[in-house]
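Subject: Handover of a structure model

Dear colleague,

Please find the structure below, handed over for your own work. The findings follow after it.

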Amino acid sequence: MRCNNVVTLAAPGAEALLGGRWVGARVCLGHQCAAAGRTLRITFDRAALSLTGLPLNLPTLRAPELPSSLLEGTAALRSGSFDVTYLSAHVRITRGDRQELRVYVRASDELVEEPE
């Protein structure tokens, strides 16, 4: 199973400079995901950055994949587990293995492109 954390950033006021176009960046962090009961375990394995709204037609930038020899033994550093304490169609609240509380809100029903 896959899980993507997507962050969209906007450049405030840039639309005034670029003829009303929204300008921003979208960062997508890709993870392998495993569920066991109420617990999710994610392991980071890829990233992508795309810029939108610029007059240039820039491609999505993808972080290079690390050789498997460098990834061996690092799963614990790239992983985290979360216990789901509340879940609905639009909200998920979790408590992480580092005791952080996270609230996820689905912005829309649109599907987000997965980094390759």
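I begin with a pair of strands: β2 and β3 run antiparallel and are joined by 13 bridges. Please note that this is a predicted model.

**The hairpin and its neighbour**

Strand β2 covers residues 24-36, and β3 covers residues 39-52. Together they form a hairpin with two residues between them. One cross-strand pair in this hairpin is Q32, which stands opposite T43 in β3. G37 lies in the loop between β2 and β3, and in this turn G37 has a positive phi of about 65°. Is G37 buried or exposed? With a relative accessible area of 79%, against a cut-off of over 50%, G37 counts as exposed. G37 also stands 9.1 Å from V84, C-alpha to C-alpha, although 47 residues separate the two in sequence.

Strand β2 has a further partner in β1 (residues 2-10), to which nine bridges join it, again in an antiparallel arrangement. Within this pairing, V6 has C28 in β2 as its bridge partner.

**The chain as a whole**

The protein chain has two helices and seven strands. Read from the N terminus, the order of elements is β-α-β-β-β-α-β-β-β. The chain has 116 residues, of which 22% count as buried. About 8,300 Å² of the chain is exposed, and 60% of that area is supplied by carbon and sulfur atoms. As to contacts with a separation of 6 or more, 45% of them are between residues 24 or more positions apart.

**The nonpolar core**

Which residues make up the largest nonpolar core? This core has six residues, namely C3, C33, L40, I42, F82 and V84. At least two of its residues come from β3, and at least two from β5 (79-87). V84 is thus a core member as well as the residue whose C-alpha lies 9.1 Å from that of G37. Another member, C3, is in contact with L29, G30, H31, C33 and I42, leaving aside its neighbours within four places in sequence. Of these contacts, C33 and I42 are listed in the core too.

**Salt bridges**

The structure holds four salt bridges, among them the three described here.

- E100 and R102 meet through their side chains at 3.3 Å, N to O. E100 is buried because its relative accessible area of 19% falls under 20%, whereas R102, at 31%, is partly exposed. Elsewhere, salt bridges that share partners join R2, D45 and R46 into one network.
- R46 and D45, both in that network, form a salt bridge of 3.7 Å, N to O. R46 is partly exposed, with a relative accessible area of 23%, and D45 is likewise partly exposed, at 28%.
- D97 and R98 form a salt bridge of 3.3 Å, N to O. What is the relative accessible area of D97? For D97 the value is 37%, and this residue is partly exposed. R98 has a relative accessible area of 53% and counts as exposed because the cut-off is over 50%.

With kind regards

Methods: Residues are numbered from 1 along each chain as its sequence is written. This is a predicted model: local features need pLDDT of at least 70, side-chain atom pairs count only at pLDDT 80 or more; totals for chains, interfaces and linings use all residues. Side-chain values use heavy atoms; hydrogens and water are left out. Helices (H or I, at least four residues) and strands (E, at least two) are DSSP runs, numbered from the N terminus. Buried means under 20% relative accessible area, exposed over 50%, partly exposed in between (1.4 Å probe, protein chains only). Two strands pair if DSSP finds at least two bridges between them. Contact means heavy atoms within 4.5 Å. Accessible areas come from the Shrake-Rupley method with a 1.4 Å probe; for residues, only the protein chains shown count as cover. A nonpolar core is a set of buried Ala, Val, Leu, Ile, Met, Phe, Trp, Tyr and Cys residues joined through side-chain atoms within 4.5 Å.
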